[in-house]
Amino acid sequence: MHSRINLIVYLLLIAALIQGSYSAAKQSTPGDRSSVVFQVTGNVYPKGYYHVTVNIGNPPRPYWLDIDTGSDLTWLQCDVPCVKCLPAPHKPYKPNKDLVTCNDPLCASVHWPDSLDCKSPKDQCDYEVQYADHGSSLGLLVKDWFPLQYINGSVAKPRLAFGCGYNQEVHASMDPPYTDGILGLGLGKTSILNQLNELGLTRNVVGHCLGAQGDGFLFFGNELVPSSGVIWAPMSTTEIEKHYSLGTAELYVGGKTSGIKGLPIVFDSGSTYTYFSADAYKALVSMLTNDIKGKKIYTANDDKSLPLCWKGSKPFKSIQDVKNVFKPITLSFAKSKYARFQMDPEAYLIISERGNACLGILNGSEVGLENINLIGDISFHDKIIIYDNEKQQIGWAPANCKKLPNINEDPDPGGLCKPYGSNIDILQAYCAA
Ligand SMILES: *[C@@H]1O[C@H](CO)[C@@H](O)[C@H](O)[C@H]1NC(C)=O
Ligand SMILES: *[C@@H]1O[C@H](CO)[C@@H](O)[C@H](O)[C@H]1NC(C)=O
C-alpha cells in the first residue's frame with residue numbers, strides 16, 4: 001500500500017530563547033492580486049501522493065516537494081553530506097553558506113516549551129521533525145532563494161528558510177513518496193506561507209485542488225478563491241492548535257446519522273487516505289455494509305490493496321460503476337450548522353488494480369492517531385480547499401481541478417493570458433480555452 005501520513009507529531013528546533021520579543025517587520029501588505037499557482041502531479045492510487053515542482057537556489061534547480069498542510073517546515077534532502085537520503089528524483093540539495101543561526105528569530109520561533117539553549121549565537125539551528133506515519137527528517141535550517149512567478153508573470157525572489165535534511169527515516173512498512181522533500185503549508189511561523197506573508201509577497205492563504213483522476217493545482221494568495229459557492233467553516237483555535245482543525249463534527253452516511261458526534265476533524269493534504277477514530281470507523285463500515293446488502297456487491301478478502309475491498313459480478317472500471325450503490329458520507333460541524341463536508345464515492349473509494357472498490361477511509365486508531373479524524377487527499381478529490389489563515393477559516397467547493405476557477409468573472413484576470421503568463425503550464429490550457 002503506497003500511502004503516507006505527513007501530519008506533524010513532533011518538532012524540535014534546537015534554539016536559543018531570544019531576549020525580548022520578536023515581531024517580524026512586515027514589509028507591506030500584499031495585494032489581492034499577488035498569487036502564485038503551481039501545477040500539482042500525482043494521485044491517491046496507485047501513487048499515494050501529490051507533489052509540486054519548486055525551484056530553489058541560485059541558479060535555481062527544480063525539486064519535487066510533497067504538499068503537506070499537516071506540517072509547517074519545508075525541507076529538502078540535503079548533501080552536507082547526506083547521512084541517510086532516500087531515493088529521490090533529483091540530487092540532494094547542496095546548501096550555500098547561508099545557515100540560519102541559533103539567534104535567528106525563525107530558529108527561536110519554535111513554540112516548543114523545552115527547546116535547548118544554543119551555546120553560541122552563531123551555532124547552526126538544528127531541527128528534527130516526526131510524522132504520524134513514523135517518518136522523520138533531521139537536519140539544519142538554511143536560507144536560499146525561492147524564485148516564484150506570480151500569475152501575472154512577474155517573478156519575486158525571496159530568500160526563505162527551510163530545512164536541509166541530511167537524515168531521513170521511514171517506517172519499514174511504508175513505501176515513501178518519490179520526492180525530494182516536503183512543502184510545509186501549515187499555520188506555524190516556519191511555514192513557507194507565513195514567511196512569504198511576512199515579506200509582503202502573498203496573502204496568508206493557501207489552497208489546493210486535487211483531481212480524482214490525478215493531478216491538479218496548488219496556490220498561495222486569494223486570487224483563485226471562487227467568488228461564490230464556497231462553504232466556509234471557522235478554524236478551531238482551541239483544539240489541535242498546530243493543525244488545520246475544524247472543531248468537532250457528527251458523522252452521517254447516506255443522510256442518516258451514525259449517532260457518532262464530537263469527532264475532532266483535521267485537514268491534512270499530507271495524508272493519502274482519510275482516517276476515522278475506531279468508533280466512527282466501526283459505525284461507517286457497518287452502515288456502508290448495510291447499505292450494499294442485496295446489491296450484488298461482496299467483500300473481496302483476497303484484495304490486499306486496502307483493508308476493505310468490495311467486488312462486483314465483473315471488475316469495476318471506474319468509480320462511476322459504483323456511484324449508485326455507495327452513498328455520500330457527510331461531516332456536519334458542531335460550530336457552524338450549515339457547514340457540511342460531503343464525501344461522494346470518489347472521495348472515499350478507489351478502484352484497485354483488480355477492479356474492486358476499496359474503502360479509502362481507514363481505522364486511525366490502528367495507526368496511533370487516537371481520537372483525531374484526519375481528512376486526507378482522497379476526500380479532497382474534485383474540490384477546491386482553501387485554508388485562509390487571515391480570516392481563520394477553511395473553505396471548500398466542488399471544482400474541476402484540471403481547470404483554474406474563474407477569477408472574479410474577469411475573463412483575463414491579472415493579465416493571466418498576456419504573453420508573459422503563458423509560460424506557466426497550467427495557465428496555457430486555461431488561456432487556450
Ligand atoms: C504582478 O503582481 C505583483 C504582486 O502583486 C506586483 O508586484 C507586480 O508589479 C505585478 N506585475 C505586473 C507586470 O503587473
Ligand atoms: C480499529 O483499531 C483499533 C486499535 O487497533 C481496534 O481495537 C479496533 O478493533 C479497530 N476497529 C475495527 C472496526 O477494525
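A residue is called buried here when its relative accessible area is under 20%, exposed when that area is over 50%, and partly exposed in between. By that scale Asp382, at 29% relative accessibility, counts as partly exposed, and the same vocabulary is used below for this predicted model.

**Overall make-up**

The protein chain contains 5 helices and 28 strands, and buried residues account for 57% of its 433 residues. Among contacts between residues at least 6 apart in sequence, 70% join residues that are at least 24 apart. The chain exposes about 18700 Å², of which carbon and sulfur atoms supply 51%.

**The largest nonpolar core**

The largest nonpolar core has 97 residues, and within it Phe220, Phe267 and Leu359 touch the most other members. Helix 3, which spans residues 278–291, gives the most to this core, with 7 residues. The core draws at least three residues from domain 1 (7–224) and at least three from domain 2 (231–398). The surroundings of Phe267 can be listed in detail: leaving aside neighbours within four places in sequence, Phe267 is in contact with Thr69, Tyr244, Leu246, Phe341, Ile375, Phe380, Ile385, Tyr387, Ile394 and Trp396.

**Leu76 and its surroundings**

Leu76 belongs to strand 5, residues 75–77, and it counts as buried because its relative accessibility is 0%, where the limit for buried is under 20%. When residues up to four places away in sequence are not counted, Leu76 touches Ile56, Tyr63, Leu65, Tyr93, Phe162, Gly163, Cys164, Gly165, Asp180 and Gly181. One of these partners, Tyr93, is 17 residues from Leu76 in sequence, while the C-alpha atoms of the two are 6.7 Å apart in space.

**Backbone features in loops**

Most residues other than glycine have a negative phi, and most peptide bonds are trans. Against that background, four places in the backbone are set out in the table.

| Site | Backbone feature | Loop |
|---|---|---|
| Tyr45 to Pro46 | cis peptide bond, omega about 10° | Pro46 between strand 2 (36–43) and strand 3 (49–56) |
| Asn58 to Pro59 | cis peptide bond, omega near 0° | Pro59 between strand 3 and strand 4 (61–68) |
| Asp382 | positive phi, near 60° | between helix 4 (377–380) and strand 27 (383–388) |
| Gln392 | positive phi, near 55° | between strand 27 and strand 28 (393–398) |

Strand 3 borders the loop that holds Pro46 as well as the loop that holds Pro59. In a similar way, strand 27 follows the loop of Asp382 and precedes the loop of Gln392. Gln392 counts as partly exposed because its relative accessibility is 35%, and Asp382, at 29%, also counts as partly exposed; either value falls between the 20% and 50% limits that separate buried from exposed.

**Ligand 2**

Which residues surround ligand 2? They are Tyr281, Asn363, Ser365 and Glu366. In the case of Asn363, an N or O atom of the side chain lies 2.4 Å from an oxygen atom of ligand 2. Taken alone, ligand 2 exposes 360 Å², and the protein buries 47% of that area.

Terms used: Residues numbered from 1 in each chain as written. Chains lettered and ligands numbered in written order. Predicted model: local features only at pLDDT ≥ 70, side-chain atom pairs only at ≥ 80, totals over all residues. Heavy atoms only, no water. Core = buried A, V, L, I, M, F, W, Y, C linked by side-chain atoms within 4.5 Å. Buried < 20%, exposed > 50% of the residue type's maximum accessible area, 1.4 Å probe, protein only. Helix = DSSP H or I, 4+ residues; strand = E, 2+ residues; numbered from the N terminus. Domains from an automatic or database assignment. Contact = heavy atoms within 4.5 Å. Near = heavy atom within 4 Å. Polar contact = N/O pair within 3.5 Å; in protein donor to acceptor, adjacent residues only side chain to side chain. Areas by Shrake-Rupley, 256 points an atom, 1.4 Å probe, with all protein chains shown as cover.
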